[in-house]
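The following paragraphs lead through one protein chain, moving from single residues to helix packing and salt bridges. Please keep the sequence and the model in view while reading.

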Amino acid sequence: MATPEQGVDWAGDTGQVSRLRGVAFEATCLAAVSFALVSVLVLLLYVSADALRPFSADPGWHLVFFLTLVVPSVSAALFYYRRDDPAGEVAYATTGLPVVGVLGAAVFAVVLDIGLVTAVEMFALLVSVLVAVGIIVAHARYRPRAAAERMAVLFGAPVVTILGVPPAEVTMALNMALSALGLPVEFGFRLLSLREAILLTPVVPLQWIMVMLSITLPVSAALGGYVARERANRKAGLAFVGGAVAASALAPLVGPVAGIGATGWVLLVTFCLLPVAVYVEGVVRRREGIVGLTFPLILVGGVVLGALLVDLFGFAPPDPWLDWGFLTSAHSRTPAEAGFYPPIVGSVMMLIVIALSTFPVGVGAAIYLEEYAPDSGLAGKFITLIEINIGNLAGVPSVVYGLLGLALFIRVLTMPTGAVIVGGLAIGILILPIVIISAQEAIRAVPDSHREAAYGMGATRWQTTRSVVLPQAIPGILTGTILAVGRAIGETAPLLMIGAASSVRLAPSGFFDQLPAMPRQIFAWSTNLEPEIRHGVLAAGVVTLLVVLLIMNGTAILIRNKYQREA
């Protein structure tokens with residue numbers, strides 16, 4: 001070991017430290033990263049050019065939008081980047097929030113359109129849940145010492161308001177048992193629940209009114225509560241809720257004019273206008289980055305001005321493969337009529353299955369492994385073995401999970417081949433190790449001093465986990481989960497193994513219907529011999545899938561940055 005007096009002469013006889021190797025290593029890394037990024041960018045531009053066909057437009061069309069849209073937006077972005085970083089963040093957030101909101105509104109519109117959940121069912125469920133919660137809260141307030149009654153109310157209120165007495169499943173099971181015994185008398189007595197009574201009501205409000213009551217009102221109440229807490233003013237929250245209801249009530253007038261219908265307008269207000277309003281209110285209140293609010297105006301103004309000038313001069317626009325008809329039509333052998341609507345619906349329904357099956361299991365496993373699992377003894381070694389296996393499972397090829405889904409869900413559990421629920425469960429198992437690992441890292445990042453402080457105040461382990469650990473870890477958990485789901489939506493090998501359909505003309509209306517997924521449809525198009533489908537239609541599907549992935553990844557980045565800044 002060299003001492004300070006007898007150190008190593010790194011520079012030889014010159015007495016100076018050479019920086020050549022460091023500079024060469026830095027330049028090599030920069031060149032490698034630049035080459036990778038440029039290669040991906042060129043590939044994306046090539047695919048986008050096939051999907052959008054920008055060169056089919058007149059040169060004047062390009063010139064007009066270059067002057068009205070590209071130049072002002074790029075200039076504003078450069079100004080934010082060089083002079084005002086907070087304004088740049090506000091600009092990108094106010095541009096991305098409406099996009100994510102429109103995507104959320106479109107998802108709910110698809111759910112209502114295919115009949116997966118009707119507006120009447122949502123309204124009935126919301127009313128019954130509110131009544132059940134009201135009964136439980138009222139009992140806890142007026143009879144706080146009646147513990148035995150409390151247990152009866154906790155179990156009885158949901159049964160009476162949501163399930164019925166006895167539940168429909170119990171009635172069916174009793175009837176089947178009586179039939180199996182050969183008894184002629186059927187079990188016919190049953191008290192309808194509040195939810196079922198609402199569903200049987202012959203006269204119900206219009207669809208957009210039920211959507212407003214069951215979706216817009218709860219969302220606006222939650223956002224209004226947030227505004228009231230931030231401003232320390234209850235009237236501000238009530239004013240926000242009132243404004244949201246008033247904007248939704250304009251649906252019969254504005255919706256048909258905008259071409260989206262009354263229900264579409266209500267969904268747009270709920271998922272787009274309300275979050276944007278809350279964010280803009282926070283920016284104005286904090287007085288930080290207010291200049292960035294002009295960026296969406298620059299974009300919208302550029303598009304409107306460009307459209308007016310193009311119409312005035314008569315320049316022909318491009319004729320893209322990726323248009324509104326492509327997103328709302330089913331697949332067709334004719335390239336001009338080919339659409340992507342059923343695969344989009346199938347992917348959305350598959351994501352619902354993945355979220356409902358993977359997120360609770362993954363987060364629950366991570367909480368147990370980090371907060372409750374023993375560290376020593378034989379049990380500790382077993383937990384270590386489990387964690388090693390979870391890490392190994394994260395690197396297993398996706399086709400293996402497809403085989404697992406085929407064997408477990410189709411062969412053993414006899415689920416329908418290629419069904420939506422089978423695809424969601426198979427890909428959910430695929431990303432489950434990733435969700436567990438990311439949730440573990442987020443929980444592990446919470447300082448132990450916070451746990452010790454909670455224990456010192458007399459909190460139990462569950463109270464500490466619920467009130468101290470999870471609120472700080474939830475940003476990392478959400479970020480990892482969204483990135484994992486983003487990977488899941490592009491997987492193809494498991495869908496091939498479970499027998500997902502290559503082309504479906506009707507969108508699935510239930511979780512046991514055939515699954516038309518976006519990557520599976522793209523794979524089918526890639527094997528088509530017709531050039532227009534292999535290049536134009538295929539490129540349009542790829543761009544659609546990439547846009548969904550970019551939106552999900554961008555949402556994860558915004559969540560991470562927001563909570564890191566607050567921390």
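Ala-232 is exposed, with a relative accessible area of 72%, a value that lies over the 50% cut-off for this class. In this predicted model, Ala-232 sits in the loop between α8 and α9 (234-249). Although Ala-232 is not a glycine, its phi is positive, at about 55 degrees. A positive phi, of about 45 degrees, is also found at Arg-53, again not a glycine. Arg-53 belongs to the loop between α1 and α2, and its relative accessible area of 30% makes it partly exposed.

The setting of these loops is a chain with 22 helices and 0 strands. Along the principal axes, the C-alpha trace spans about 100 × 80 × 60 Å. Of the 567 residues in the chain, 36% are buried.

Helix packing can be followed with α8 and α11. Two packed helices are described by the angle between their axes and by the distance between those axes. For helix α8 (residues 207-231) and helix α11 (residues 261-286), the angle is about 5 degrees and the axes are 9 Å apart. Because angles under 35 degrees count as roughly parallel, α8 is roughly parallel to α11. The contact of α8 with α11 comprises 15 nonpolar, 5 polar and 4 charged residues.

Charged side chains also join these two helices. Side chains of opposite charge can pair when their charged atoms come close. Glu-281 and Arg-231 form such a salt bridge, with their closest N and O atoms 2.7 Å apart. Since Glu-281 lies in helix α11 and Arg-231 in helix α8, the pair ties together parts that are 50 residues apart in sequence. The two partners fall into separate accessibility classes: Glu-281 counts as buried at 18% relative accessibility, whereas Arg-231 counts as partly exposed at 42%. A network of salt bridges links Glu-230, Arg-231, Glu-281 and Arg-285.

The structure holds 9 salt bridges, and one of them returns the reader to Arg-53. The side chain of Arg-53 meets that of Asp-319 in a salt bridge, at 3.2 Å from N to O. This pair links distant parts of the chain, 266 residues apart: Asp-319 is in the loop between α12 (294-313) and α13 (324-328), and Arg-53 is in the loop between α1 (20-52) and α2. Asp-319 counts as partly exposed, at 47% relative accessibility, and Arg-53 is likewise partly exposed.

A local pairing is provided by Arg-444 and Glu-441, which form a salt bridge with their closest N and O atoms 2.8 Å apart. Both residues lie in helix α17 (residues 420-444), where they are 3 residues apart, about one turn of the helix. Arg-444 is partly exposed, with a relative accessible area of 43%, and Glu-441 counts as partly exposed at 44%.

The surface also carries a nonpolar patch, formed by Leu-63, Phe-66, Leu-67, Val-70, Val-71, Val-74 and Leu-78, with about 600 Å² of accessible area together. One of its members, Val-70, is found in helix α2 (residues 59-83). Val-70 is partly exposed, with a relative accessible area of 35%; this value satisfies the requirement of over 30% for patch residues.

Key: Residues numbered from 1 in each chain as written. Predicted model: local features only at pLDDT ≥ 70, side-chain atom pairs only at ≥ 80, totals over all residues. Heavy atoms only, no water. Axes fitted to C-alpha atoms, helices over the stretch in contact; angles between N-to-C directions. Helix = DSSP H or I, 4+ residues; strand = E, 2+ residues; numbered from the N terminus. Parallel < 35°, antiparallel > 145°, perpendicular 65-115°, else oblique. Nonpolar A, V, L, I, M, F, W, Y, C, P; charged D, E, K, R; others polar. Patch = residues over 30% accessible without salt bridge, like charges linked within 9 Å, V, L, I, M, F, W, Y side chains within 5 Å. Areas by Shrake-Rupley, 256 points an atom, 1.4 Å probe, with all protein chains shown as cover. Salt bridge = Lys/Arg side-chain N within 4 Å of Asp/Glu carboxyl O. Buried < 20%, exposed > 50% of the residue type's maximum accessible area, 1.4 Å probe, protein only.
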